[in-house]
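Hi there,

I'm passing a structure on to you, and I hope you enjoy exploring it. Have a look first, and then read on for what turned up.

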Amino acid sequence: MSVGGPHLDSESLRALSRRATEWIARYWARVGELPVLSRAAPGQVLRALPEHPPEVGIAGAGDSWDRVFDDLDRIVLPGLTHWQSPRFFAYFPANISTPSVIGELLGAGLGVQGMLWFTSPACTELETRVLDWMAELIGLPGAFRSTSPGGGGVIQGTASEGALSALVAGRDRVRRAMGAERVRDRLTVYASTQAHSSVIKAAMVAGLADGPDDRRRLRLVDVDGSLAMRPEALAAAIRQDAAAGLVPCLVCATVGTTGTTAVDPIAPIARAIADASPPGVRPWLHVDAALAGSACVCPEFRWMLDGVEHADSVCFNPHKWLLTNFDCDCFFTRDRRGLTRAHTIAPEYLRNAPSESGEVFDYRDWHVPLGRRFRSLKLWLVLRYYGAEGLREHVRGHVRLAALFESWVRGDPRFEIVAPRPLSLVCFRLRHPDDAGGEWSAGDVLNRRLLDALNATGRVFLTHTSVPAAGGARIALRLAVGSVTTREADVAEAWALVREHAGGVLGSSP
Ligand SMILES: Cc1ncc(COP(=O)(O)O)c(C=O)c1O
């Protein structure tokens with residue numbers, strides 16, 4: 001039986017894409033009314049799906065698009081947490097936008113693999129140009145652009161992959177400088193206690209840590225009162241390790257930590273590295289600005305990247321806060337030779353004249369995967385649609401709403417703000433007389449209860465973090481403003497719910 005070719009005729013394609021885009025538009029129109037956090041029970045979606053794959057599909061008339069759309073409504077939607085809800089305040093946002101969705105569609109339709117320049121020159125060169133635009137927009141020095149002798153940017157999938165790339169580049173650099181044998185099993189990695197777990201994961205994947213708690217070659221450096229890395233503690237750790245024969249290969253500074261958006265001071269960190277590293281050793285300095293990098297499209301937030309000219313790489317995720325669909329991590333380096341040396345392997349089947357000419361970028365050498373999608377299309381369309389001006393407005397609007405929410409929290413004596421708010425994340429907690437207690441104090445229990453009560457309403461979704469404090473870490477609630485449709489009324493509703501449920505949990509407090 002013939003099931004037809006891979007492509008529909010243009011009329012059928014038009015009808016089907018219209019149906020799909022209308023379904024998406026309907027979803028966007030009503031997402032604010034759906035329970036933000038999915039109420040699906042474990043296994044609910046799985047049970048609703050057939051155990052075996054279809055033998056005869058739509059093409060063979062054994063299924064239909066009607067049934068597909070019906071299943072999307074019946075099975076898939078109830079199993080979703082609605083990241084695009086205007087009252088999604090959890091984790092960090094996962095922005096999307098119409099130009100970005102269209103960019104994804106166009107990239108899918110073109111279906112090119114941009115692993116080498118040779119396999120689609122436009123896929124590489126559009127990415128190069130768009131990344132240079134991004135570098136300019138967030139105020140990175142010229143040394144991070146492709147037009148400089150040693151720099152340039154690449155789109156990676158995630159900041160986690162970026163951290164791994166930085167680590168292997170640092171390891172390669174130190175091995176080359178010191179001799180691989182001399183440094184075997186002696187390389188160390190440094191980040192603050194507030195760094196994202198992806199740094200620890202990178203150390204695990206690269207064989208520098210046996211597990212998430214292995215601290216023999218991974219140091220989590222102490223932070224100050226604003227939860228930023230203390231450069232003098234970094235220097236002390238590097239010196240102490242060097243005295244024991246260990247060699248630093250990566251320092252990761254975080255600009256906008258996941259817990260509280262604390263900002264590690266890059267310039268003093270770079271000085272600490274230079275002062276404390278053993279002679280001849282130049283560890284790679286990576287700046288993880290996964291969320292906060294987007295804010296640097298606004299000049300008033302660029303102070304967070306002060307000193308970035310000393311970094312070897314910096315990355316941020318437009319897929320978090322810059323109107324671009326996942327996945328899109330912009331990774332910039334000042335040392336593209338160092339980065340690509342650590343990732344390059346040239347099997348015969350990939351050899352081609354342009355690569356050998358040295359005149360082109362082969363982005364497969366800039367990160368771990370070989371195959372790569374045409375991801376710059378979506379970023380290109382976002383930039384062309386919004387312009388720098390639109391991006392700034394997007395960020396500033398969220399920061400303003402977060403400031404408003406913070407002012408409401410500060411005005412209610414039952415609450416405290418537990419960390420500085422440089423951007424759009426507010427970390428707060430209900431006060432409790434028992435707050436001086438040990439782990440899982442009554443105050444922590446109270447705040448967990450508040451969080452659960454809020455999320456059970458279905459109207460908002462917030463998450464929590466653990467914030468270092470005198471007498472032990474404390475649980476705090478995080479309200480991260482950043483969904484593309486969040487307006488003042490949504491933040492006001494969140495605050496009304498927080499107040500109402502605070503009354504409830506305080507009333508039942510032990
Ligand atoms: C500071 C920071 N770094 C890294 C990550 C990991 O991001 P990704 O999902 O792109 O790997 C996050 C995620 O929230 C983050 O906040």
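Let's start with a small puzzle: where is the place of D185? You'll find D185 in the loop that lies between α7 (180-183) and β2 (187-192). Please keep in mind that this is a predicted model. What makes D185 worth a visit is its phi, which is near 60°, a positive value in a residue other than glycine. For background, most residues other than glycine have a negative phi, and most peptide bonds are trans.

That brings us to another backbone detail. The peptide bond from F326 to D327 is cis, and its omega is near 5°. D327 sits in the loop between α11 (318-321) and β7 (329-333).

Now for the sheets. Strands of a sheet pair through backbone hydrogen bonds, either parallel or antiparallel.

One open sheet has 7 strands with mixed pairing, in the order β1-β7-β6-β5-β4-β2-β3. At its edges are β1 (152-156) and β3 (218-221), each of which pairs on one side only. From one strand to the next, the twist averages 20°. Within this sheet, β4 (residues 247-254) and β5 (residues 284-288) pair in the parallel sense over 5 bridges. If you want a spot to zoom in on, C252 stands opposite H286 in β5.

Another open sheet has 4 strands, ordered β8-β9-β11-β10, and its pairing is antiparallel. Why is one side of β8 and of β10 left without a neighbour in the sheet? Both β8 (415-417) and β10 (463-467) stand at the edges with a single partner strand each, so one side of each has no neighbour there. The twist in this sheet averages 40° from one strand to the next. Helix α14 (residues 376-410) packs on the sheet and touches β8, β9 (425-430) and β11, with its direction at about 15° to that of β9. As for β10, 5 bridges join it to β11 (residues 474-480), and the two run antiparallel. One of the pairs to look for is V467 with its bridge partner R474 in β11.

Helix α14 deserves a second look. It has 35 residues, yet its end C-alpha atoms are only 42 Å apart, short of the 51 Å that a straight helix would reach at 1.5 Å a residue. When you follow α14 along, you'll come to a bend of about 85° at G387.

Finally, the ligand. There are 15 residues around it, and T158, S160, H196, T258 and A290 come nearest. Sorted by class, the shell around the ligand has 4 nonpolar, 9 polar and 2 charged residues.

Happy exploring, and best wishes!

Methods: Residues numbered from 1 in each chain as written. Predicted model: local features only at pLDDT ≥ 70, side-chain atom pairs only at ≥ 80, totals over all residues. Near = placed C-beta within 6 Å. Nonpolar A, V, L, I, M, F, W, Y, C, P; charged D, E, K, R; others polar. Pairing = 2+ DSSP bridges. Axes fitted to C-alpha atoms, helices over the stretch in contact; angles between N-to-C directions. Contact = placed C-beta atoms within 7 Å. Expected span 1.5 Å × (residues − 1). Bend = angle between axes of the 7 residues up to and from the residue.
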